[in-house]
Amino acid sequence: MNKKELIAALAAKQHCRKVQAKAFLEAFMDVVIERIAVQDEIELIKFGAFRVWPQSSRMARNLQNGKPYLLEPRTSVKFKPSAFFLERINNTAGGAKENVIAYCPDTDEE
């Protein structure tokens, strides 16, 4: 799903115009970026948390010529989904999963 499709889905879900959904999504992204830039953590109950992840410098290798080079330290972001989020995407919140494929050994081999 790209940004345009997400905006359309938000507009349909909230029964609003795409322009309003786009404004909301862009404001949300701006706030997340601004807070992460100042090393703040964003935790959304029943969704997950965006956490700052400092990466130290390390050696890497150029795959084309094999020469090693130093990657500078940088800040990255990790997303940790909540238990509710994981249950929803794994269909475990109301019973057994559907679409489970059972393992059946090949009966022709002996």
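## Ser76 and its contacts

Setting aside neighbours within four places in sequence, Ser76 touches Arg51, Val52, Trp53 and Gln55 in this predicted model. Ser76 itself sits in strand 5.

Is Ser76 buried or exposed? With a relative accessibility of 18%, Ser76 counts as buried, because the cut-off for that label is under 20%.

## Helix 2 and its two faces

Helix 2 takes in residues 18–37, 20 residues in total. From first C-alpha to last, helix 2 reaches 28 Å, close to the 28 Å expected at 1.5 Å a residue. Which residues of helix 2 are buried? They are Ala21, Leu25, Val32 and Ile36. These buried residues cover an arc of only 30 degrees around the axis, so they end up on the same side of helix 2. The general rule behind this kind of pattern: an α-helix has 3.6 residues a turn, so residues three or four places apart point the same way.

Flip to the face turned away from that buried side and you'll find the exposed residues Val19, Glu34 and Ala37. As for what covers the buried residues of helix 2, the list includes helix 1 (3–14) and three strands: strand 1 (42–44), strand 2 (48–55) and strand 5 (74–81).

Just past the end of helix 2, have a look at Gln39, which takes a positive phi of about 65 degrees.

## Ala83 in helix 3

Ala83 belongs to helix 3, which covers residues 83–89. Ala83 has a relative accessible area of 54%, so Ala83 is exposed. Along the chain, Ala83 and Gly48 are 35 residues apart, and 8.2 Å separates their C-alpha atoms.

Technical notes: Residues are numbered from 1 along each chain as its sequence is written. This is a predicted model: local features need pLDDT of at least 70, side-chain atom pairs count only at pLDDT 80 or more; totals for chains, interfaces and linings use all residues. Side-chain values use heavy atoms; hydrogens and water are left out. Helices (H or I, at least four residues) and strands (E, at least two) are DSSP runs, numbered from the N terminus. The expected span of a helix is 1.5 Å times one less than its number of residues. Buried means under 20% relative accessible area, exposed over 50%, partly exposed in between (1.4 Å probe, protein chains only). The arc is that of the directions from the helix axis to the C-beta atoms. Contact means heavy atoms within 4.5 Å.
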